[in-house]
Amino acid sequence: MQIKKAAVLGAGVMGAQIAAHLANAGIPCLLLDIAPKELTPEEQKVGLTLESPAVRNRIANAGLEAAKKARPAAFFSPEIASLISVGDFEDDLPKLKDCDWIIEAIVENLDIKRSLYERIEPHLSAEAIVTSNTSGIPLQSLAEGRSDNFRRRFLGTHFFNPPRYLHLLEIITTPETDPEVAGFIADFCDRHLGKGIVHAKDTPGFIANRIGNFAMLDAIKVMLEGGYTTEEIDAMTGTAIGHAKSASFRTLDIVGLDTAVHVAKNLYASLPNDEKRETFTLPDVLQKMVDRKLLGDKTKGGFFKKVGDEIQTLDLNTFEYRERQKPKIASLETAKNMDKLEDRLKALIYAKDRAGEFLWRTTSEAMIYAANRIPEIADNIVEIDNAMKWGFAHELGVFETWDVIGVELSVARMREEGRAIPANVEEMLSAGAMSFYKTENGARHYYDFGSGAYKPVRQPAGVTILKSLKDQNKVIKKNTGASLIDLGDGVACVEFHSKMNALGQDQIGMIQFAVKEVEKNFAGLVIGNQGENFSAGANIMMILLAAQEGEWDELNLAVKQFQNTTMSLRYSSKPVVVAPHHLTLGGGCEMVLHADRAVAAAETYIGLVEVGVGLIPGGGGTKEMAVRASEIAESTPGADHFEILRRNFEMTAMAKVATSAVEAKNWGLMRRQDRVVMNDKRVIEEAKQTALRLAAEGYVAPQPRKDVLVLGEAALAKFKLGMHMMKRGGYISDHDALIGLKIATVMSGGNLTRPTRVSEQYLLDLEREAFVSLCGTKATQERIAHMLKTGKPLRN
């Protein structure tokens with residue numbers, strides 16, 4: 001089985017964005033929808049008819065155009081949209097014969113879906129796989145009436161919105177689905193679409209929507225009963241408890257109130273025997289919002305509405321918007337000072353205030369409900385936990401959270417309150433198992449209700465978990481901010497584990513040690529981690545303190561040490577592979593720039609952003625932009641060296657951040673030979689294998705460059721003129737112009753009277769002098785202080 005071309009039926013928000021993500025994976029995709037039955041006034045005005053291709057493809061084309069404009073972006077890079085072609089159900093169904101995978105994503109109506117399946121089946125190849133993106137219609141009902149071959153190659157693939165960013169894909173099979181087909185689709189979506197696969201049973205709402213909607217509706221009911229404000233609920237159900245920043249009501253605005261109401265009504269109708277069926281009864285407030293077209297982002301107003309620069313909140317009594325109210329709950333304020341999620345959860349859920357009352361009641365209800373759903377909707381707790389983490393961006397699943405707050409302690413409180421404890425949990429405790437998860441010999445295990453024993457949590461082949469290696473005593477050396485871990489097969493890995501993985505002495509010292517250790521005892525080195533982000537950049541607090549104390553020699557030495565460290569990645573005698581993911585900013589980006597290879601998660605947001613704190617890239621990043629401009633100019637016939645340099649200057653001076661690893665390659669922040677991995681869970685293993693391949697091919701370290709062509713005063717004069725015009729136009733401040741001048745001076749090679757070949761060290765010295773000199777300015781120190789205080793850049 002293979003997938004060379006796909007089709008998506010239905011060009012709504014989900015259908016179009018599923019097609020976009022298939023295109024992200026390099027798969028040509030056909031996007032089809034209905035042919036319109038009426039002309040728009042614009043179409044009539046220009047003389048089009050219902051037979052005109054532009055009219056017949058209007059709906060599919062509108063879906064594609066919406067995906068192109070989506071924010072956050074649906075495509076890794078704009079040009080990828082060219083892989084999608086559009087059509088309609090009347091004219092283009094014969095094209096399905098060339099498609100290996102057809103994904104149906106039309107309206108949630110059983111009869112309409114069945115009718116479409118009847119129409120497409122004659123046009124399918126015998127090997128085609130058909131899947132539905134239904135969010136809850138039973139798959140077996142959808143397949144009724146189809147041929148044996150169709151039913152064998154039919155299953156559910158339930159993506160979550162937006163499909164590029166949410167990791168979850170629920171796989172749902174029927175008794176007739178060929179297990180090999182289901183296994184192939186699961187593996188393909190894992191490796192090529194970057195999905196976390198959860199196997200759900202063919203029950204209403206599957207896993208994530210069943211548990212997620214129960215929790216959402218229960219929270220609204222508790223809110224209304226307890227007189228909580230919208231702001232209080234979102235403050236309690238967001239990052240404070242490890243959930244998405246959008247929390248509860250902002251998430252509903254994003255999803256759309258009409259969609260949420262539709263799912264809730266379907267679940268209520270489909271669950272006559274659910275012991276908590278009444279929780280799925282739609283709260284009046286939601287129906288009234290839908291009746292008033294207060295649907296969220298799609299109608300420019302839901303629970304929240306942007307009015308000018310202000311975000312206002314809907315008053316759920318008057319349905320008028322009001323100013324936002326800042327929640328004042330003592331335990332929430334205390335929790336803000338707790339770095340560890342586990343500490344925050346225990347403090348908040350057991351707090352003796354309004355937050356504790358709400359979170360205890362809603363969290364414990366979700367736990368009881370989830371436990372009672374096994375084996376109805378899933379075979380084990382791992383599937384439920386993964387569905388909630390990957391589908392709703394929660395840091396911990398339901399049962400992982402239960403472990404954090406203490407199973408025995410929480411169950412004792414539930415008993416005191418007279419609540420029914422799930423039988424499977426009672427049996428687990430009676431058997432002496434006091435937690436849902438445990439670690440044995442470095443391997444994570446979960447409690448399996450069916451067998452009454454702990455079983456290993458299975459990881460797909462090709463996934464390396466650094467925590468598991470550390471639990472197996474594979475740590476070579478460790479400090480408070482970084483570790484060196486033996487990945488096996490002769491490859492070591494430097495892992496950062498500081499807050500935001502900011503780069504300071506701990507991380508630099510560990511890299512320096514690792515390079516020497518690997519040169520003596522290993523075949524290659526990986527620099528990567530499995531934290532939320534690869535690295536948010538240098539520890540700017542240390543820079544500010546040194547600058548404020550006037551410790552210029554120490555600061556100069558620290559910058560030189562950082563430069564030497566990044567250069568050692570390139571010129572080590574053993575191959576070094578950097579494995580970035582998510583935020584890879586400033587110094588993190590400079591690590592990538594100097595690696596022999598980068599193996600990046602597709603969702604890598606990378607850039608040289610130092611100007612945001614009044615500095616220039618000082619770890620070799622500014623130098624490297626000059627080097628890469630020189631390389632491209634000299635290897636590309638007819639290339640304009642200054643134009644290439646200008647693009648690199650703008651990218652650096654404007655602190656541009658690539659929104660994907662694909663875009664980073666287009667911009668030159670990653671090289672052509674660097675790899676992009678769709679599933680970020682696979683990045684460390686892929687980086688390890690890349691290091692081993694480089695070693696097996698007879699890796700020879702490059703020599704430091706002494707022949708970098710720089711343009712000197714001719715380029716510098718052009719940059720100066722450009723900045724002068726920007727400043728005169730009021731687009732940049734005096735300090736912005738100073739920073740720009742420093743960047744331009746380094747990239748141009750300083751005050752050289754003509755184009756000259758210089759060494760990398762020459763450029764590094766220029767870079768370091770510029771960096772330290774900016775540290776001495778009041779404006780830069782103010783920018784750093786402002787960033788530390790607010791997390792936002794200051795323009796002064």
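Here is a short tour of the aromatic pairs and one charged surface patch in this structure. Please keep in mind that the model is predicted. It holds 21 aromatic pairs, and two of them are described below, followed by a negative surface patch that includes Asp343.

**Tyr117 and Phe150**
- The ring centres of Tyr117 and Phe150 lie 5.8 Å apart with their planes at 45°, so this pair is tilted.
- Distant parts of the chain are linked here: Tyr117 belongs to helix 5 (residues 110–120) and Phe150 to helix 7 (residues 148–152), 33 residues apart.
- Tyr117 is buried, with a relative accessible area of 0%.
- Phe150 also counts as buried, at 4% relative accessibility.

**Trp402, Phe436 and their cluster**
- For Trp402 and Phe436, the ring centres are 5.1 Å apart and the planes stand at 45°, so this pair is tilted.
- This pair, too, links distant parts of the chain, 34 residues apart: Trp402 sits in helix 18 (residues 398–405), while Phe436 sits in the loop between helix 20 (423–430) and strand 12 (437–440).
- Trp402 and Phe436 are both buried.
- If you look around them, you will find one aromatic cluster formed by Phe399, Trp402, Phe436, Tyr447, Phe449 and Tyr454.

**The negative surface patch**
- Asp339, Glu342, Asp343, Glu395 and Glu532 together form a negative surface patch.
- One of these residues, Asp343, lies in helix 15 (residues 341–349).
- Asp343 has a relative accessibility of 36%, so it counts as partly exposed.

Conventions:
Residues are numbered from 1 along each chain as its sequence is written. This is a predicted model: local features need pLDDT of at least 70, side-chain atom pairs count only at pLDDT 80 or more; totals for chains, interfaces and linings use all residues. Side-chain values use heavy atoms; hydrogens and water are left out. Patches are made of residues with over 30% relative accessible area and no salt bridge: like charges are joined within 9 Å, nonpolar side chains (Val, Leu, Ile, Met, Phe, Trp, Tyr) within 5 Å. Accessible areas come from the Shrake-Rupley method with a 1.4 Å probe; for residues, only the protein chains shown count as cover. A salt bridge is a side-chain nitrogen of Lys or Arg within 4 Å of a carboxyl oxygen of Asp or Glu. Lys and Arg count as positive and Asp and Glu as negative; His and the chain ends are not counted. The place of a charge is taken as NZ of Lys, CZ of Arg, CG of Asp or CD of Glu. Helices (H or I, at least four residues) and strands (E, at least two) are DSSP runs, numbered from the N terminus. Buried means under 20% relative accessible area, exposed over 50%, partly exposed in between (1.4 Å probe, protein chains only). Rings of Phe, Tyr and Trp (its six-membered ring) pair if their centres lie within 6.5 Å; planes under 30 degrees apart count as stacked, over 60 as edge-to-face and the rest as tilted.
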